[in-house]
Amino acid sequence: MRIIPKHAHRRKRLGLILLLLAGVGTSVGFVTMALNENMNHFYSPTEVVDGKAPKNHTFRIGGMVRTGTVKRSNSSLDVNFEVTDTAKNVQVLYTGILPDLFREGQGVVAQGKLNDDGIFVASQVLAKHDETYMPPEAGQAIKDAQKLKASLKE
Amino acid sequence: MWLWFHKLGSPKYFYTLAGKLIPWFGWITLLLVLAGLYGGLILAPTDYQQGESYRIIYIHVPAAWMSLFIYIVMAICGAIGLIWKMKMADIIASSSAPIGAAFTFLALVTGSLWGKPMWGTWWTWDARLTSELILLFLYLGFMGLQSAIVDRRTAANACAVLALVGVVNIPIIHYSVEWWNTLHQGSTVMRMDKPAMDTRMLIPLLLMWLSSQFYYGTVLMMRARNEVLDRERDTGWVKELAMEGK
Amino acid sequence: MGLPDFGKYAFYVWTSYGIAAFVMIINLVLPMLKRKEILKTLNRKLRREQSKS
(Lines give C-alpha, C1' and ligand atoms only; values in the text may rest on other atoms or scores of the structure.)
Protein backbone atom coordinates (compact mmCIF):
# COMPACT_ATOMS: atom_id res chain seq x y z
CA MET A 1 0.00 0.00 0.00
CA ARG A 2 1.31 3.39 -0.93
CA ILE A 3 1.24 6.07 1.70
CA ILE A 4 2.38 8.92 -0.52
CA PRO A 5 0.01 9.30 -3.48
CA LYS A 6 1.32 9.05 -7.03
CA HIS A 7 -0.41 12.01 -8.59
CA ALA A 8 1.03 15.44 -8.01
CA HIS A 9 -2.29 17.10 -7.26
CA ARG A 10 -3.24 14.40 -4.77
CA ARG A 11 0.15 14.76 -3.10
CA LYS A 12 -0.47 18.47 -2.85
CA ARG A 13 -3.90 17.84 -1.41
CA LEU A 14 -2.52 15.43 1.18
CA GLY A 15 0.13 17.97 2.17
CA LEU A 16 -2.48 20.66 2.60
CA ILE A 17 -4.74 18.41 4.64
CA LEU A 18 -1.81 17.52 6.89
CA LEU A 19 -1.01 21.22 7.23
CA LEU A 20 -4.63 21.87 8.10
CA LEU A 21 -4.64 19.10 10.70
CA ALA A 22 -1.46 20.52 12.22
CA GLY A 23 -3.10 23.95 12.34
CA VAL A 24 -6.28 22.67 13.97
CA GLY A 25 -4.17 20.58 16.34
CA THR A 26 -2.12 23.53 17.53
CA SER A 27 -5.19 25.72 17.98
CA VAL A 28 -6.91 23.03 20.04
CA GLY A 29 -3.67 22.78 22.02
CA PHE A 30 -3.72 26.50 22.68
CA VAL A 31 -7.34 26.33 23.78
CA THR A 32 -6.65 23.58 26.29
CA MET A 33 -3.57 25.45 27.47
CA ALA A 34 -5.69 28.53 28.02
CA LEU A 35 -8.39 26.48 29.77
CA ASN A 36 -5.73 24.89 31.98
CA GLU A 37 -4.88 28.32 33.24
CA ASN A 38 -8.55 28.64 34.05
CA MET A 39 -8.80 31.33 31.37
CA ASN A 40 -7.78 33.91 33.94
CA HIS A 41 -4.50 35.57 33.30
CA PHE A 42 -3.78 36.42 36.92
CA TYR A 43 -4.88 36.16 40.56
CA SER A 44 -5.90 39.17 42.66
CA PRO A 45 -4.03 39.99 45.91
CA THR A 46 -7.12 38.90 47.90
CA GLU A 47 -7.06 35.47 46.24
CA VAL A 48 -3.34 35.19 46.93
CA VAL A 49 -3.67 36.16 50.60
CA ASP A 50 -6.60 33.73 50.98
CA GLY A 51 -4.35 30.97 49.64
CA LYS A 52 -6.28 30.42 46.39
CA ALA A 53 -3.15 30.81 44.26
CA PRO A 54 -1.00 27.73 43.60
CA LYS A 55 1.85 27.14 46.07
CA ASN A 56 5.39 26.29 44.90
CA HIS A 57 4.17 27.03 41.44
CA THR A 58 4.63 29.95 39.09
CA PHE A 59 1.53 32.12 38.72
CA ARG A 60 0.61 35.70 37.96
CA ILE A 61 -0.68 38.33 40.31
CA GLY A 62 -2.50 41.44 39.14
CA GLY A 63 -3.49 44.66 40.85
CA MET A 64 -2.43 48.23 41.47
CA VAL A 65 0.97 49.35 42.68
CA ARG A 66 0.16 50.67 46.16
CA THR A 67 1.05 54.35 46.50
CA GLY A 68 4.10 55.02 48.65
CA THR A 69 5.37 51.42 48.66
CA VAL A 70 7.84 51.48 45.75
CA LYS A 71 11.41 51.16 47.05
CA ARG A 72 14.27 50.96 44.58
CA SER A 73 17.70 49.74 45.58
CA ASN A 74 20.54 52.20 45.04
CA SER A 75 23.09 49.57 44.09
CA SER A 76 21.08 47.11 42.00
CA LEU A 77 17.96 46.77 39.86
CA ASP A 78 16.02 45.41 42.84
CA VAL A 79 12.55 46.91 43.27
CA ASN A 80 10.23 46.34 46.17
CA PHE A 81 6.55 47.29 46.08
CA GLU A 82 3.11 46.20 47.18
CA VAL A 83 0.34 45.12 44.83
CA THR A 84 -3.15 45.89 46.03
CA ASP A 85 -6.77 45.38 45.02
CA THR A 86 -7.69 47.95 47.73
CA ALA A 87 -8.82 45.09 50.03
CA LYS A 88 -5.56 43.12 50.48
CA ASN A 89 -1.90 43.75 49.68
CA VAL A 90 0.90 41.46 48.57
CA GLN A 91 4.56 42.39 48.75
CA VAL A 92 6.47 41.93 45.48
CA LEU A 93 10.21 41.71 44.92
CA TYR A 94 11.54 42.15 41.41
CA THR A 95 14.98 42.48 39.87
CA GLY A 96 15.10 43.96 36.41
CA ILE A 97 13.94 46.74 34.15
CA LEU A 98 10.34 47.85 34.62
CA PRO A 99 8.05 48.88 31.74
CA ASP A 100 7.66 52.59 30.98
CA LEU A 101 4.16 52.69 32.40
CA PHE A 102 5.18 51.30 35.79
CA ARG A 103 4.42 53.86 38.48
CA GLU A 104 2.54 54.15 41.75
CA GLY A 105 -1.18 53.68 41.30
CA GLN A 106 -0.68 51.91 37.95
CA GLY A 107 -2.07 48.45 37.20
CA VAL A 108 0.54 45.69 37.01
CA VAL A 109 0.66 41.97 36.31
CA ALA A 110 3.66 40.18 37.83
CA GLN A 111 4.73 36.59 37.17
CA GLY A 112 6.62 34.60 39.79
CA LYS A 113 6.37 32.51 42.93
CA LEU A 114 5.47 33.09 46.56
CA ASN A 115 8.40 32.48 48.90
CA ASP A 116 8.10 31.13 52.44
CA ASP A 117 7.75 34.63 53.89
CA GLY A 118 4.71 35.30 51.72
CA ILE A 119 6.67 37.67 49.49
CA PHE A 120 5.99 37.34 45.79
CA VAL A 121 9.30 37.00 43.96
CA ALA A 122 8.61 38.16 40.41
CA SER A 123 10.52 37.13 37.31
CA GLN A 124 8.52 39.48 35.09
CA VAL A 125 6.50 42.63 35.74
CA LEU A 126 4.09 43.90 33.08
CA ALA A 127 2.13 47.14 33.18
CA LYS A 128 -1.63 47.03 32.68
CA HIS A 129 -3.29 50.24 31.58
CA ASP A 130 -6.95 51.21 31.39
CA GLU A 131 -9.01 51.82 28.28
CA THR A 132 -9.30 55.61 28.54
CA TYR A 133 -7.50 57.92 26.18
CA MET A 134 -7.25 61.66 26.70
CA PRO A 135 -4.76 64.50 26.39
CA PRO A 136 -2.36 65.06 29.34
CA GLU A 137 -4.12 68.31 30.38
CA ALA A 138 -7.40 66.42 30.81
CA GLY A 139 -5.62 63.66 32.74
CA GLN A 140 -4.04 66.27 35.01
CA ALA A 141 -7.40 68.00 35.53
CA ILE A 142 -8.99 64.73 36.68
CA LYS A 143 -6.07 64.06 39.03
CA ASP A 144 -6.35 67.56 40.50
CA ALA A 145 -10.09 67.16 40.97
CA GLN A 146 -9.56 63.85 42.79
CA LYS A 147 -6.92 65.45 45.03
CA LEU A 148 -9.27 68.33 45.82
CA LYS A 149 -12.05 65.91 46.65
CA ALA A 150 -9.74 63.91 48.91
CA SER A 151 -8.50 67.04 50.72
CA LEU A 152 -12.06 68.27 51.21
CA LYS A 153 -12.95 64.97 52.87
CA GLU A 154 -10.13 65.46 55.36
CA MET B 1 -35.41 43.93 -3.75
CA TRP B 2 -35.79 40.18 -4.33
CA LEU B 3 -35.26 40.71 -8.04
CA TRP B 4 -32.10 42.68 -7.36
CA PHE B 5 -30.89 39.90 -5.10
CA HIS B 6 -31.36 37.41 -7.92
CA LYS B 7 -29.67 39.68 -10.43
CA LEU B 8 -26.68 40.01 -8.09
CA GLY B 9 -26.56 36.24 -8.04
CA SER B 10 -25.97 36.32 -11.79
CA PRO B 11 -22.19 36.29 -12.34
CA LYS B 12 -22.16 38.54 -15.39
CA TYR B 13 -24.30 41.19 -13.73
CA PHE B 14 -22.10 41.10 -10.64
CA TYR B 15 -18.93 41.35 -12.71
CA THR B 16 -20.13 44.46 -14.53
CA LEU B 17 -21.57 46.16 -11.47
CA ALA B 18 -18.47 45.49 -9.35
CA GLY B 19 -16.27 46.77 -12.16
CA LYS B 20 -18.12 50.10 -12.02
CA LEU B 21 -18.07 50.29 -8.21
CA ILE B 22 -14.42 49.38 -7.57
CA PRO B 23 -12.89 52.74 -8.59
CA TRP B 24 -15.45 54.60 -6.44
CA PHE B 25 -14.75 52.42 -3.42
CA GLY B 26 -11.03 52.77 -4.01
CA TRP B 27 -11.10 56.56 -4.07
CA ILE B 28 -13.36 56.77 -1.02
CA THR B 29 -10.96 54.46 0.82
CA LEU B 30 -7.99 56.66 -0.07
CA LEU B 31 -9.76 59.88 0.98
CA LEU B 32 -10.83 58.38 4.31
CA VAL B 33 -7.34 56.99 4.98
CA LEU B 34 -5.73 60.36 4.30
CA ALA B 35 -8.24 62.14 6.54
CA GLY B 36 -7.84 59.52 9.26
CA LEU B 37 -4.04 59.61 9.14
CA TYR B 38 -3.98 63.41 9.23
CA GLY B 39 -6.37 63.42 12.18
CA GLY B 40 -4.65 60.59 14.00
CA LEU B 41 -0.98 61.41 13.48
CA ILE B 42 -1.06 65.21 13.31
CA LEU B 43 -4.21 66.68 14.85
CA ALA B 44 -4.89 64.25 17.71
CA PRO B 45 -3.18 65.18 21.00
CA THR B 46 -0.78 62.89 22.80
CA ASP B 47 -2.18 60.53 25.46
CA TYR B 48 -1.96 61.24 29.19
CA GLN B 49 -0.57 57.84 30.12
CA GLN B 50 0.73 56.20 26.96
CA GLY B 51 2.29 59.21 25.27
CA GLU B 52 2.78 58.95 21.51
CA SER B 53 2.73 55.15 21.49
CA TYR B 54 -1.08 55.12 21.60
CA ARG B 55 -1.16 56.23 17.94
CA ILE B 56 -0.79 52.57 17.00
CA ILE B 57 -4.51 52.40 17.89
CA TYR B 58 -5.41 53.86 14.47
CA ILE B 59 -4.12 50.69 12.83
CA HIS B 60 -4.66 48.18 15.61
CA VAL B 61 -8.31 48.77 16.49
CA PRO B 62 -9.76 49.06 12.95
CA ALA B 63 -7.78 45.93 11.98
CA ALA B 64 -9.12 44.03 15.01
CA TRP B 65 -12.71 45.16 14.34
CA MET B 66 -12.43 44.16 10.68
CA SER B 67 -10.99 40.77 11.64
CA LEU B 68 -14.21 40.06 13.58
CA PHE B 69 -16.56 41.69 11.06
CA ILE B 70 -15.17 39.80 8.05
CA TYR B 71 -15.41 36.49 9.87
CA ILE B 72 -19.07 37.17 10.64
CA VAL B 73 -19.65 37.99 6.95
CA MET B 74 -18.03 34.67 6.03
CA ALA B 75 -20.19 32.74 8.50
CA ILE B 76 -23.37 34.40 7.17
CA CYS B 77 -22.31 33.65 3.59
CA GLY B 78 -21.54 30.10 4.67
CA ALA B 79 -25.06 29.70 6.01
CA ILE B 80 -26.58 31.22 2.87
CA GLY B 81 -24.42 28.98 0.69
CA LEU B 82 -25.35 25.85 2.62
CA ILE B 83 -29.06 26.58 2.69
CA TRP B 84 -29.78 28.24 -0.66
CA LYS B 85 -26.83 26.95 -2.66
CA MET B 86 -26.11 30.49 -3.86
CA LYS B 87 -22.84 30.55 -5.77
CA MET B 88 -22.22 34.22 -5.00
CA ALA B 89 -22.29 33.47 -1.26
CA ASP B 90 -19.49 30.93 -1.68
CA ILE B 91 -17.55 33.40 -3.79
CA ILE B 92 -17.91 36.20 -1.22
CA ALA B 93 -16.89 33.89 1.63
CA SER B 94 -13.80 32.56 -0.11
CA SER B 95 -12.80 36.01 -1.38
CA SER B 96 -13.14 37.47 2.12
CA ALA B 97 -10.88 34.96 3.86
CA PRO B 98 -7.47 36.33 2.75
CA ILE B 99 -8.58 39.91 3.55
CA GLY B 100 -9.78 38.86 7.01
CA ALA B 101 -6.56 36.95 7.60
CA ALA B 102 -4.56 40.05 6.63
CA PHE B 103 -6.50 42.21 9.11
CA THR B 104 -6.10 39.60 11.87
CA PHE B 105 -2.37 39.42 11.19
CA LEU B 106 -2.14 43.22 11.38
CA ALA B 107 -4.12 43.33 14.63
CA LEU B 108 -1.73 40.81 16.18
CA VAL B 109 1.48 42.39 14.88
CA THR B 110 0.53 45.97 15.76
CA GLY B 111 -0.70 44.75 19.15
CA SER B 112 2.69 43.21 19.71
CA LEU B 113 4.46 46.41 18.68
CA TRP B 114 2.22 48.29 21.09
CA GLY B 115 2.51 45.77 23.93
CA LYS B 116 6.28 45.84 24.01
CA PRO B 117 6.71 49.51 24.99
CA MET B 118 3.53 49.77 27.13
CA TRP B 119 3.05 46.42 28.87
CA GLY B 120 6.67 45.36 28.68
CA THR B 121 6.16 42.25 26.53
CA TRP B 122 5.62 41.37 22.87
CA TRP B 123 3.22 38.57 23.73
CA THR B 124 1.37 37.03 26.65
CA TRP B 125 -1.17 34.18 26.75
CA ASP B 126 -4.15 36.14 28.00
CA ALA B 127 -7.67 35.37 26.83
CA ARG B 128 -7.91 38.29 24.35
CA LEU B 129 -4.58 37.64 22.66
CA THR B 130 -5.04 33.87 22.54
CA SER B 131 -8.56 34.03 21.09
CA GLU B 132 -7.43 36.49 18.40
CA LEU B 133 -4.58 34.13 17.49
CA ILE B 134 -7.11 31.31 17.17
CA LEU B 135 -9.06 33.56 14.79
CA LEU B 136 -5.97 33.78 12.59
CA PHE B 137 -5.75 29.97 12.57
CA LEU B 138 -9.43 29.78 11.65
CA TYR B 139 -8.84 32.05 8.65
CA LEU B 140 -5.78 30.06 7.60
CA GLY B 141 -7.69 26.80 8.12
CA PHE B 142 -10.49 28.11 5.92
CA MET B 143 -8.04 29.03 3.17
CA GLY B 144 -6.22 25.71 3.51
CA LEU B 145 -9.44 23.73 3.32
CA GLN B 146 -10.51 25.76 0.28
CA SER B 147 -7.39 24.88 -1.68
CA ALA B 148 -7.12 21.30 -0.38
CA ILE B 149 -10.47 20.19 -1.79
CA VAL B 150 -10.58 20.18 -5.57
CA ASP B 151 -14.34 19.83 -6.04
CA ARG B 152 -15.80 23.33 -5.75
CA ARG B 153 -19.09 22.39 -4.12
CA THR B 154 -17.47 20.10 -1.53
CA ALA B 155 -14.88 22.78 -0.76
CA ALA B 156 -17.54 25.45 -0.33
CA ASN B 157 -19.61 23.22 1.97
CA ALA B 158 -16.65 22.20 4.11
CA CYS B 159 -15.50 25.82 4.41
CA ALA B 160 -19.01 26.99 5.26
CA VAL B 161 -19.16 24.46 8.11
CA LEU B 162 -15.76 25.60 9.38
CA ALA B 163 -16.83 29.26 9.23
CA LEU B 164 -20.04 28.48 11.13
CA VAL B 165 -18.30 26.42 13.80
CA GLY B 166 -15.56 29.01 14.21
CA VAL B 167 -18.00 31.85 14.70
CA VAL B 168 -18.32 30.91 18.41
CA ASN B 169 -14.85 32.42 18.77
CA ILE B 170 -16.14 35.90 17.84
CA PRO B 171 -18.11 36.62 21.05
CA ILE B 172 -15.28 35.02 23.01
CA ILE B 173 -12.83 37.53 21.53
CA HIS B 174 -15.13 40.48 22.16
CA TYR B 175 -16.09 39.61 25.74
CA SER B 176 -12.76 38.04 26.78
CA VAL B 177 -11.69 41.27 28.47
CA GLU B 178 -14.89 41.28 30.56
CA TRP B 179 -15.25 37.59 31.34
CA TRP B 180 -11.71 36.97 32.52
CA ASN B 181 -8.78 38.80 34.06
CA THR B 182 -6.69 39.82 31.09
CA LEU B 183 -3.63 41.98 30.60
CA HIS B 184 -5.47 43.56 27.69
CA GLN B 185 -7.62 46.49 28.79
CA GLY B 186 -11.39 46.66 28.33
CA SER B 187 -13.25 48.12 25.36
CA THR B 188 -12.83 51.84 24.74
CA VAL B 189 -15.49 52.40 22.09
CA MET B 190 -17.77 49.33 21.96
CA ARG B 191 -19.28 49.61 25.42
CA MET B 192 -22.45 50.63 27.19
CA ASP B 193 -21.16 54.05 28.30
CA LYS B 194 -19.97 56.64 25.88
CA PRO B 195 -16.50 55.98 24.43
CA ALA B 196 -13.69 56.52 26.94
CA MET B 197 -11.75 58.63 24.49
CA ASP B 198 -11.22 62.29 23.74
CA THR B 199 -13.24 63.38 20.66
CA ARG B 200 -10.14 64.57 18.80
CA MET B 201 -8.69 61.07 19.21
CA LEU B 202 -11.96 59.25 18.53
CA ILE B 203 -12.89 60.89 15.20
CA PRO B 204 -9.70 59.74 13.39
CA LEU B 205 -10.27 56.26 14.79
CA LEU B 206 -13.77 56.15 13.32
CA LEU B 207 -12.44 57.49 10.01
CA MET B 208 -9.80 54.77 9.89
CA TRP B 209 -12.45 52.16 10.65
CA LEU B 210 -14.70 53.49 7.88
CA SER B 211 -11.79 53.46 5.46
CA SER B 212 -11.10 49.83 6.41
CA GLN B 213 -14.70 48.97 5.55
CA PHE B 214 -14.36 50.57 2.13
CA TYR B 215 -10.98 48.92 1.66
CA TYR B 216 -12.60 45.57 2.41
CA GLY B 217 -15.35 46.36 -0.09
CA THR B 218 -12.80 47.28 -2.76
CA VAL B 219 -10.58 44.23 -2.39
CA LEU B 220 -13.57 41.91 -1.91
CA MET B 221 -15.06 43.02 -5.23
CA MET B 222 -11.70 42.65 -6.97
CA ARG B 223 -11.21 39.14 -5.64
CA ALA B 224 -14.82 38.11 -6.28
CA ARG B 225 -14.53 39.35 -9.88
CA ASN B 226 -11.48 37.15 -10.40
CA GLU B 227 -13.30 34.20 -8.93
CA VAL B 228 -16.26 34.82 -11.25
CA LEU B 229 -13.95 35.03 -14.28
CA ASP B 230 -12.25 31.81 -13.31
CA ARG B 231 -15.49 29.91 -12.76
CA GLU B 232 -17.18 31.22 -15.89
CA ARG B 233 -14.24 30.87 -18.25
CA ASP B 234 -16.17 28.57 -20.60
CA THR B 235 -19.10 30.92 -21.03
CA GLY B 236 -19.56 33.22 -23.98
CA TRP B 237 -19.31 36.52 -22.16
CA VAL B 238 -15.99 35.70 -20.49
CA LYS B 239 -14.55 34.44 -23.79
CA GLU B 240 -15.63 37.68 -25.45
CA LEU B 241 -13.96 39.64 -22.67
CA ALA B 242 -10.73 37.68 -23.04
CA MET B 243 -10.69 38.10 -26.81
CA GLU B 244 -11.01 41.87 -26.49
CA GLY B 245 -7.50 41.61 -25.11
CA LYS B 246 -8.22 43.74 -22.08
CA MET C 1 5.45 69.75 6.48
CA GLY C 2 7.67 67.19 8.19
CA LEU C 3 6.67 63.94 9.79
CA PRO C 4 5.62 64.25 13.41
CA ASP C 5 8.21 63.20 15.99
CA PHE C 6 7.02 60.40 18.26
CA GLY C 7 10.11 60.42 20.47
CA LYS C 8 11.14 57.11 21.96
CA TYR C 9 8.05 55.39 20.58
CA ALA C 10 8.79 56.40 16.98
CA PHE C 11 10.13 52.94 16.10
CA TYR C 12 7.02 51.10 17.34
CA VAL C 13 4.55 53.53 15.78
CA TRP C 14 6.21 53.81 12.37
CA THR C 15 6.90 50.08 12.15
CA SER C 16 3.19 49.45 12.76
CA TYR C 17 2.18 51.92 10.05
CA GLY C 18 4.83 50.57 7.68
CA ILE C 19 3.75 46.95 8.03
CA ALA C 20 0.10 47.95 7.68
CA ALA C 21 0.80 49.93 4.48
CA PHE C 22 2.78 47.02 3.05
CA VAL C 23 0.08 44.43 3.77
CA MET C 24 -2.72 46.67 2.49
CA ILE C 25 -0.92 47.49 -0.76
CA ILE C 26 0.04 43.85 -1.40
CA ASN C 27 -3.60 42.85 -0.91
CA LEU C 28 -4.64 45.44 -3.46
CA VAL C 29 -2.01 44.63 -6.08
CA LEU C 30 -2.31 40.81 -6.02
CA PRO C 31 -5.92 40.66 -7.27
CA MET C 32 -5.09 43.19 -10.01
CA LEU C 33 -2.27 41.00 -11.30
CA LYS C 34 -4.41 37.89 -10.94
CA ARG C 35 -7.14 39.37 -13.14
CA LYS C 36 -4.67 40.26 -15.88
CA GLU C 37 -3.19 36.77 -15.68
CA ILE C 38 -6.59 35.04 -15.93
CA LEU C 39 -7.58 37.04 -18.99
CA LYS C 40 -4.19 36.60 -20.63
CA THR C 41 -4.16 32.82 -20.20
CA LEU C 42 -7.68 32.56 -21.49
CA ASN C 43 -6.88 34.81 -24.44
CA ARG C 44 -3.91 32.65 -25.38
CA LYS C 45 -5.93 29.46 -25.08
CA LEU C 46 -8.74 30.83 -27.27
CA ARG C 47 -6.29 32.00 -29.94
CA ARG C 48 -4.70 28.58 -30.05
CA GLU C 49 -8.09 26.97 -30.52
CA GLN C 50 -8.98 29.44 -33.24
CA SER C 51 -5.81 28.86 -35.23
CA LYS C 52 -6.35 25.11 -35.03
CA SER C 53 -9.76 25.19 -36.62
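**View 1. Polar contacts between chain B and chain A.** In this predicted model, 15 residue pairs are in polar contact between chain B and chain A, both partners at pLDDT 80 or more. On the chain B side of this contact, α4 (87–118), α5 (127–148) and α8 each put in at least two residues. The largest share comes from α5(B), with ten residues. Sorted by class, the side of chain B that touches chain A holds 21 nonpolar, 17 polar and five charged residues.

**View 2. How much chain B and chain A cover up.** Here 43 residues of chain B meet 36 residues of chain A. The two chains bury about 3,400 Å² between them, and 62% of that is on carbon and sulfur atoms. Look for B:Y48, B:Q49 and B:N181: this trio supplies 20% of the area chain B buries against chain A, more than any other three residues.

**View 3. One salt bridge across the B–A interface.** The rule finds one salt bridge between chain B and chain A. It pairs B:R191 with A:E131, at 3.3 Å from N to O. Both ends sit in loops: B:R191 between α7 (169–179) and α8 of chain B, and A:E131 between β6 and α3 (136–153) of chain A. B:R191 counts as partly exposed because its relative accessibility is 30%.

**View 4. A:V125, a strand residue of chain A.** A:V125 lies in strand β6 (residues 120–128) of chain A. With a relative accessibility of 3%, A:V125 counts as buried. Beyond its sequence neighbours within four places, A:V125 is in contact with A:F81, A:Y94, A:L98, A:P99, A:F102, A:V108, A:V109 and A:A110, plus B:W119 from chain B. Take A:A110 from that set: A:A110 and A:V125 are 15 residues apart in sequence, yet their C-alpha atoms are 4.3 Å apart.

**View 5. The chain A fold around that strand.** Chain A has three helices and six strands. Starting at the N terminus, the order is α-α-β-β-β-β-β-β-α. Of its 154 residues, 31% count as buried. Of the chain A contacts that join residues at least 6 apart in sequence, 45% link residues at least 24 apart.

**View 6. The other face, chain B against chain C.** On this side, 41 residues of chain B are in contact with 30 residues of chain C. Together the two chains bury about 3,100 Å², with 76% of it on carbon and sulfur atoms. B:Y215, B:N226 and B:M243 lose the most area to chain C within chain B, together 18% of what that side buries.

**View 7. What chain B offers to chain C.** The rule finds zero salt bridges across this interface, and five residue pairs are in polar contact, both at pLDDT 80 or more. The chain B elements that give two or more residues to this side are α2 (11–43), α3 (57–84), α4, α8 and α9. Of these, α4(B) gives the most, with eleven residues. By class, the side of chain B that touches chain C divides into 25 nonpolar, six polar and ten charged residues.

**View 8. B:E232, a buried acid without a salt bridge.** B:E232 sits in the loop between α8 (199–231) and α9 (236–243) of chain B. B:E232 is buried but has no salt bridge, and B:K87, the nearest side chain of opposite charge, is 4.1 Å away. A salt bridge here needs N and O within 4 Å, so B:K87, at 4.1 Å, is left out of the count. Setting aside neighbours within four places in sequence, B:E232 is in contact with B:P11, B:K87, B:W237 and B:V238.

**View 9. Salt bridges inside chain B.** Over all chains, the count comes to nine salt bridges. One of them joins B:E52 and B:R55, whose closest N and O atoms are 2.7 Å apart; B:E52 and B:R55 are both buried. Another pairs B:R231 with B:E227 at 3.3 Å, N to O. B:R231 and B:E227 share helix α8 of chain B and are four residues apart, about one turn of the helix. B:R231 is partly exposed, with a relative accessible area of 21%. Also look for B:R152, B:D230 and B:R233, which are linked in a network of salt bridges.

Note on methods: Residues are numbered from 1 along each chain as its sequence is written. Chains are lettered from A and ligands numbered from 1 in the order in which they are written. This is a predicted model: local features need pLDDT of at least 70, side-chain atom pairs count only at pLDDT 80 or more; totals for chains, interfaces and linings use all residues. Side-chain values use heavy atoms; hydrogens and water are left out. Buried means under 20% relative accessible area, exposed over 50%, partly exposed in between (1.4 Å probe, protein chains only). Lys and Arg count as positive and Asp and Glu as negative; His and the chain ends are not counted. Contact means heavy atoms within 4.5 Å. Buried area is the accessible area (1.4 Å probe) that two parts lose on being put together, summed over both. A polar contact is a pair of N or O atoms within 3.5 Å; within protein, one must be able to donate a hydrogen and the other to accept it, and residues adjacent in sequence count only if both atoms are side-chain atoms. Ala, Val, Leu, Ile, Met, Phe, Trp, Tyr, Cys and Pro count as nonpolar, Asp, Glu, Lys and Arg as charged, and the others, Gly among them, as polar.
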